[in-house]
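Visitor: I'd like a close look at one small part of this protein, and then how that part fits into the rest. Could you walk me through it?

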Amino acid sequence: MFGMESFDADAIVIGAGAVGLGCARALALRGREVLVLESAGAIATETSSRNSEVIHAGLYYPTGSLKAELCVAGCRKLYVYCAAHGVETHRCGKLVVAVDDGEAAATPALLQNAQANGVENIRLVDGAEARRLEPALSPDVRVAIHSETSGLFDSHAYFLALQGEIEDRGGSIVFDTPVVRGAVRKDGLEIETGGASPSRIRARTVVNSAGHQALPVARSIEGGPKYSGVRMHGVKGSYFIASGRAAFARLIYPMHNSATQGLHLAIDLGGRTRLGPDAEWLPEGAKPPFDYEVDPARAEHFYREVRRYWPGLKDGALSPDYSGVRPKIVGKGQPSADFMIDGPEVHGVEGLVNLIGIESPGLTSSLAIGEMVAGVI
Ligand SMILES: Cc1cc2nc3c(=O)[nH]c(=O)nc-3n(C[C@H](O)[C@H](O)[C@H](O)COP(=O)(O)OP(=O)(O)OC[C@H]3O[C@@H](n4cnc5c(N)ncnc54)[C@H](O)[C@@H]3O)c2cc1C
């Protein structure tokens with residue numbers, strides 16, 4: 001295009017969410033000069049600021065999967081990182097509660113899976129012990145898994161710490177700069193940006209961590225992999241706040257619907273009792289900007305599900321809070337897919353890594369994902 005500025009960079013990261021920042025930081029720590037291109041006007045405005053802020057211990061993911069490996073490693077790294085950078089964490093622990101025979105029968109397998117994943121400080125407790133820990137739990141709770149490592153953290157302080165580290169090491173984050181297309185060239189990759197001052201940038205390394213847009217961004221790279229068999233699906237998760245004093249100290253997750261981790265309860269860092277997220281499949285082809293409004297009518301389902309383990313939830317206590325959308329690469333009814341972290345060994349394009357379908361536990365895993373990506377290229 002006439003008048004378009006052209007320049008060279010070392011490493012480009014597309015997207016300044018948790019994953020992009022984690023990758024940029026890991027590259028910067030390896031001495032790479034990093035340029036983060038972000039279409040929004042600030043860091044972490046999409047999925048990274050619309051989640052539960054839970055540091056997951058890694059109970060649920062199939063042993064040997066990237067999710068399991070990166071969550072367990074990421075959890076350890078995140079606690080250490082937060083302590084070193086003054087980011088608030090609350091290692092409150094979590095109880096996964098079973099309220100009927102079917103759920104109780106499924107708990108030993110979940111415990112075994114967690115242990116096989118390398119999760120530490122985890123054990124089975126009976127109903128009485130669970131209620132001793134959390135007296136507001138239903139008398140129906142028969143058995144629970146107690147994970148002491150799970151917790152909450154101030155993700156925004158974490159993102160700012162990452163941004164600071166990237167910039168301290170000579171990297172920069174450029175806002176209002178959407179990547180519109182790219183091309184594989186003989187000596188690296190070329191990325192074209194839109195926005196107020198469109199540019200063409202040549203780089204040795206490109207990490208595509210554009211969240212919900214990672215698939216279209218990957219496809220827009222001429223000479224790169226096209227992922228013809230992959231489709232993105234959005235699953236909206238809404239949260240509600242319960243008024244009144246906090247009745248729990250720990251995160252409470254139901255065994256019910258454990259594949260999607262059910263409607264869980266957390267006392268957030270502000271002391272509010274937060275419930276959710278639920279799961280609402282968005283219409284085929286839905287893409288950002290999403291409608292993040294929370295429909296108050298969804299409260300009915302929350303009352304029903306949450307009262308299975310917290311009968312003390314009062315009528316009229318719930319009010320809508322915020323929502324987020326999970327970037328999924330499998331459709332409704334299919335088992336969860338693993339993270340797609342595709343480097344040159346997968347698609348053959350030197351210097352390119354595509355990160356697609358980085359849903360939960362992407363936040364917990366972000367430091368570990370960054371280190372893996374920096375190692376791959
Ligand atoms: C409801 C919900 C609850 C969750 N709870 C947890 C939890 O408790 N713990 C946990 O570990 N994980 C959780 N997750 C998952 C976690 O939030 C995500 O895995 C993580 O935030 C993904 O980060 P990201 O950087 O890949 O994506 P995003 O945060 O979406 O960042 C992508 C960035 O790319 C930018 N971008 C897009 N297109 C372009 C383009 N063309 N050019 C330039 N920039 C572009 C976007 O503006 C955005 O800033 C949850 C997710 C949801 C939806």
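Visitor: Let's start with Phe248: in the loop between which strands is it found?

Guide: Keep in mind as we go that this is a predicted model. Phe248 is found in the loop that runs between strand 16 (233-242) and strand 17 (251-254). Buried or exposed? Neither label fits: Phe248 is partly exposed, because it has 19 other C-beta atoms within 10 Å, and a residue counts as buried at 20 or more. Setting aside residues up to four places away in sequence, Phe248 touches Glu134, Ala136, Leu265 and Ile267. You can also look across to Trp310, which is 62 residues from Phe248 along the chain, with 9.7 Å between the two C-alpha atoms.

Now step to either side of that loop. Take strand 16 to begin with. Of its 10 residues, 8 are buried, so strand 16 is largely enclosed by the rest of the structure. Its pairing is worth tracing by eye. Strand 16 runs antiparallel to strand 21 (318-328), and 9 bridges join the two. One place to spot this is Gly234, whose bridge partner in strand 21 is Pro327. Strand 16 also pairs with strand 19 (residues 273-275), again in the antiparallel sense, over 3 bridges; there, look for Phe240 with its bridge partner Leu275. Then there is strand 20 (residues 280-281), joined to strand 16 by 2 bridges and antiparallel to it, with Lys236 partnered by Glu280. If you want a reminder of what holds such pairs, strands of a sheet pair through backbone hydrogen bonds, either parallel or antiparallel.

On the other side of the loop is strand 17, which is covered on both faces: Leu251 and Tyr253 are buried on one side, and Ile252 and Pro254 are buried on the other. Strand 17 pairs with strand 6 (residues 94-98) in the parallel sense, over 4 bridges. To find that pairing on screen, look for Val96, which stands opposite Tyr253.

Let's zoom out to the domains. The domain assignment of the protein chain gives domain 1 (5-49 + 156-230 + 336-376) and domain 2 (94-148 + 233-328). Their centres, taken over C-alpha atoms, are separated by 32 Å. Where they meet, 10 residues of domain 1 are in contact with 9 residues of domain 2. The domain 1 side of that meeting has 1 nonpolar, 7 polar and 2 charged residues.

For a reference point elsewhere in the chain, try Ser48. Its place is in the loop between strand 3 (34-37) and strand 4 (54-55). Ser48 is buried, because 25 other C-beta atoms lie within 10 Å. Apart from its neighbours within four places in sequence, Ser48 is in contact with Gly17, Ala18, Ser155, Phe159 and Leu363. Remember Glu134, one of the residues that Phe248 touches? Ser48 and Glu134 are 86 residues apart in sequence, and their C-alpha atoms are 30 Å apart in space.

There's a sheet to find as well: an open one of 5 strands, in the order 1-13-12-11-15, with mixed pairing. Strand 1 (5-8) and strand 15 (221-222) stand at its edges with a single partner strand each, so each has one side left without a neighbour in the sheet. Strand 11 (residues 179-185) and strand 15 run parallel, joined by 2 bridges, and Gly182 stands opposite Ile221 there.

Then there's the ligand. Of the 42 residues around it, Gly15, Gly17, Asn51, Gly211 and Gly362 come nearest. Helix 1 (18-29), strand 21 and helix 9 (362-376) are the elements that give two or more residues to the shell. By class, that shell has 17 nonpolar, 19 polar and 6 charged residues. At least three of its residues come from each of domain 1 and domain 2.

Last, the whole chain. It has 9 helices and 23 strands, and 48% of its 377 residues count as buried. Among contacts between residues at least 6 apart in sequence, 74% join residues at least 24 apart. The C-alpha atoms fill a box of roughly 70 × 40 × 40 Å along the principal axes. For 377 residues, a compact globule would have a radius of gyration near 21 Å, and the chain's 21 Å agrees with that.

Notes. Residues numbered from 1 in each chain as written. Predicted model: local features only at pLDDT ≥ 70, side-chain atom pairs only at ≥ 80, totals over all residues. Pairing = 2+ DSSP bridges. Near = placed C-beta within 6 Å. Nonpolar A, V, L, I, M, F, W, Y, C, P; charged D, E, K, R; others polar. Domains from an automatic or database assignment. Buried ≥ 20, exposed ≤ 12 C-beta atoms within 10 Å, placed from the backbone. Contact = placed C-beta atoms within 7 Å. Rg over C-alpha atoms; globule rule 2.2 N^0.38 Å.
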